[in-house]
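Welcome! Take a moment to turn the model around on your screen, and then read on for a short guided tour.

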Amino acid sequence: MSERPLPWAMTLLRRELRLSMRVGGGAQVGVLFFLAVVTVIPFGLGPDMNLLARIGPAILWIGALLATLLGLDRLFQADRDDGTLDLMLMAGRPLELVVLTKCLAHWLATGLPLVVAAPVLGIFLNLQPLAMGAVTLTLLVGTPALTLIGAIGAALTVSLRRGGLLLAVLVVPLAIPVLIFGVSAANAALVVGTPFRAPFAILCALSLLAAVIGPVASAMALRFSSD
Amino acid sequence: MDLGPYSGFILASYAISTLIVLALVAWVVLDRRQLERTLHDLASKGVTRRGPATAPAAAKLSSTATDTQE
Amino acid sequence: MLKLLAENIAIDRGGRRVFSGLSFDLDAGHALIVTGQNGIGKSSLLRTLAGLVPPTEGTLRLQGGETERSPAEHAHYFGHQSAVKPALTALENLEFWRDFLQPARPQAFSGFPVATDAALEMLGIGHTARLPAAYLSAGQTRRLALARLFVCPRPIWLMDEPTSALDTASEALLLTLMQDHLTHGGMILTATHTPLALRPSRTLHLEAADPADMPSADGEPDSLEEIYG
Amino acid sequence: MAILDYANPTRFLRLTQIVLPWLTAACLAAFAVGLYMTFFVSPEDYQQGQTVKIMYIHVPAAWLCMMTYSIMAISSLGTLVWKHPLADVSAKAAAPIGAAFTLIALITGSLWGRPMWGTYWEWDARMTSVLVLLIMYLGLIALWRTMEDPIRAGKAAAVLTLVGAINLPIIKFSVEWWNTLHQPASVMRMDGPTIDTSMLVPLFVMAGAATLLFFVLHLQAMRNEILRRRVRAMRLKAAAGSRAARMAPPSSPLSSPMSGTPGAAE
């Protein structure tokens, strides 16, 4: 091994990022979907700016959740379809770290753009700068948890055709805690007197926990799926 | 010239628009450069654009090509 | 000395016993050619050896291999799927596998890594190195997948129908390369319908004892005829 | 990939090679005049003060983002109905430019709205339908990016563009109706009478300059697209060609330092 830690993981990360940027990768579609969801909601609610400002953080969080979940179904399936997954299982690399690396690449390509887009979409929802900052910060900390939890669903549905919907159904209940603490931390900027630090700390803890549970459970599911 | 109390908004509008247009110009120019380089590379390797009849390997190709072309 | 030992292997697929009581051993430098009709379990056997399907019964061991690594981690699996990403160039595809797969070079095995460019050139697709793999034909994609076996040395090659989608010339080349791998102390297990003139090699012919007994979950093991070539 | 297919594009490349420098020069000149007029000649608006200067980019951008979509819609007809070889090239090249102009229109509108209405964003009819237009541009770009084969992608995008063209006025009118239910009109008014000639002239000059800019960028992007397809055709040929000739000789492909003799059969 060279001096850089885990050179094979860097190789994998580079390749995954390359794949998501090139033709057919679809890394930009997630953020576009996010934009579409946020645009559609005022059509349903009516353009009441005060109402939008009040529920803006929740809209952004739900939009980010949906955008993350819909982008995840190909996380392992693309690799299974062309036989890459078989070879990854035999590579002699810890599968948990492989999954973690793939999740990191996926988050960088699809999750991070959501975080960057959140302040812009916040303008559409009449969010004040403080609330905008709070939502962006909570999304930055919380979206990795969504990706990592979603990876479990992606691994479970890897062998299914059209597993995307099932994935969303499986993962949404698991993602609810992240949503609760993400939105309540973001709401602290809106409603005077609500605490920010406690829910934010729990959100951080959830992300860290997901970084352990997600790869372990996904790796387990992938090993079973190779049959 | 006095732009009044909202000079920040006016200047920001012009600055952002200029940036977006510059980004478009950069996209077009860099894209062209890269494509021309790739075309040049391919041409220097003896790949021609027009039909296969002019390619030197074509005679062999017709007799031995058993692979299917996608 | 490198030696692959399979003892009393049984495999179930989807609740059905594919076969049971399969034992064989394979020395370094030898090939095992698995034959038998469609659906008899040749692919299942290779996937089991690759560690992708756990055997229901029995053990798989590799004597003389690197410690703390399973037999599958000493093996290349060359199956029906090419594991080639169309959006990456041929070279990028190959370089990834070179860096990602952990090489295995136990003592008895003298295989060595081939440079990526050289591997592509060797397989006759050197001119496609910088093209996206989407532009490659089926046969070229297959050869790109094959190049993986040379850039990361591993002693065991598990090859499922290795000659499919290859033309006659490529088939001859592949045979030479496989023979070379044996010469370096590697071992090859291949399922095939076309006879492969590998030396030294043995044939493992899988055959159902009696078609009526096929779903024999607990009954007689299917008869296994080993023909020494 | 017959020669015929490239007959038109080749002529197009030659023609644009001649036209583009002149267009570029005209575009730069128009912008120089237009910007001079906006900043040093045009008066303040009696209501909006100096912020009216934002109008000189906002309105041309808004106009162009509609025009670009119309061009894409006509090009899509060209792809599907007349099967013109340059039609999908034109549509694909126009989309990013249209998206950029839409973005400019939205951002400048937002920056204009803040001092005038006190908010960056309002879900009013015009702004909402322009936002929907942006989403459609981005969706089309994404669609083009997901398909490797430009002909197939072009047809799919053409269908979507035409459906979107029908959809746009519907969105516009339905949003107007939807909007009036909820809030009083704070829509900016650009009705003729309120604009004086002293503002109208620079506005037209700027709009002309922006239109020239569009055509310069569009023609150049079309040229790029044609080159991209040539690269693709050549790569396909490079992959297929010299396949047989390059097959390595089967004699000792692995020249190993430890090459032994083949073992005897058991």
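## Chain C at a glance

Chain C is built from five helices and nine strands. Following the sequence from its start, these elements come in the order β-β-β-α-β-β-α-α-α-β-α-β-β-β. The radius of gyration of chain C is 18 Å, and the globule rule gives 17 Å for 229 residues, which is close, so the chain is as compact as a globular protein of that length. Please keep in mind that everything here describes a predicted model.

Along the principal axes, the C-alpha atoms of chain C take up a box of roughly 55 × 35 × 30 Å. Of its 229 residues, 54% count as buried. If you look at contacts in chain C between residues at least 6 apart in sequence, 74% of them join residues at least 24 apart.

## A sheet with a helix across it

A good place to start inside chain C is an open sheet of three strands, ordered β2-β1-β4, with antiparallel pairing. Strands β2 (16–27) and β4 (57–63) of chain C stand at the edges with a single partner strand each, so one side of each has no neighbour in the sheet. From one strand to the next, the twist averages 15 degrees.

How many bridges join strand β1 of chain C to β4(C)? There are six, and β1 (residues 3–13) runs antiparallel to β4(C). To find this pairing on your screen, look for C:E7, which stands opposite C:T59 in β4(C). Helix α1 (residues 42–49) of chain C lies across β1, β2 and β4 of chain C, and its direction is at about 120 degrees to β1(C).

## An enclosed helix in chain C

Next, find helix α2 (residues 90–100) of chain C. Eight of its eleven residues are buried, so the helix is largely enclosed by the rest of the structure. The buried residues are C:A90, C:L91, C:N93, C:L94, C:F96, C:W97, C:R98 and C:F100.

What do the buried residues of α2(C) pack against? Their partners are α3 (116–122) and α4 (138–151) of chain C, together with α1 (7–21) of chain A.

## Chain A, built from helices

Chain A has nine helices and zero strands, so to speak a plain α-α-α-α-α-α-α-α-α when read along the sequence. Its radius of gyration is 18 Å, close to the 17 Å that the globule rule gives for 227 residues, so chain A is as compact as a globular protein of that length. The C-alpha atoms of chain A fill a box of roughly 55 × 35 × 30 Å along the principal axes.

Within chain A, 52% of the 227 residues count as buried. Among contacts in this chain between residues at least 6 apart in sequence, 80% link residues at least 24 apart. An unreviewed UniProt entry lists "transmembrane region" for residues 21–45, 51–76, 97–124, 130–158, 165–192 and 198–222 of chain A. Of these spans, residues 97–124 are 100% helix and 0% strand in the model, with end C-alpha atoms 39 Å apart. Residues 198–222 of chain A are also 100% helix and 0% strand, and their end C-alpha atoms lie 35 Å apart.

## A closer look at A:A118

Where is A:A118 found? This residue belongs to helix α6 (residues 95–124) of chain A. A:A118 has 29 other C-beta atoms within 10 Å, so it is buried.

Beyond its neighbours within four places in sequence, A:A118 is in contact with A:L60, A:V135, A:T136 and A:L139. A:A118 and A:L35 are 83 residues apart in sequence, yet their C-alpha atoms are 9.1 Å apart in space.

## Chain D and confidence

For chain D, the unreviewed UniProt entry gives "transmembrane region" at residues 20–41, 61–82, 94–113, 125–144, 156–179 and 199–219. Residues 125–144 of chain D are 100% helix and 0% strand, with end C-alpha atoms 29 Å apart. Residues 199–219 of chain D are likewise 100% helix and 0% strand, and there the end C-alpha atoms are 30 Å apart.

The average pLDDT of chain D is 78, and 79% of the residues score at least 70. Residues 1–7 of chain D stay under 50, and the model has four contacts for them beyond four places in sequence. Over residues 243–266 of chain D the pLDDT is also below 50, and this stretch has 47 contacts beyond near neighbours in sequence. The model as a whole scores ipTM 0.74 and pTM 0.80.

Notes: Residues numbered from 1 in each chain as written. Chains lettered and ligands numbered in written order. Predicted model: local features only at pLDDT ≥ 70, side-chain atom pairs only at ≥ 80, totals over all residues. UniProt positions renumbered as here; feature names shortened; annotations may be inferred. Helix = DSSP H or I, 4+ residues; strand = E, 2+ residues; numbered from the N terminus. Pairing = 2+ DSSP bridges. Axes fitted to C-alpha atoms, helices over the stretch in contact; angles between N-to-C directions. Contact = placed C-beta atoms within 7 Å. Rg over C-alpha atoms; globule rule 2.2 N^0.38 Å. Buried ≥ 20, exposed ≤ 12 C-beta atoms within 10 Å, placed from the backbone. pLDDT = per-residue confidence, 0-100.
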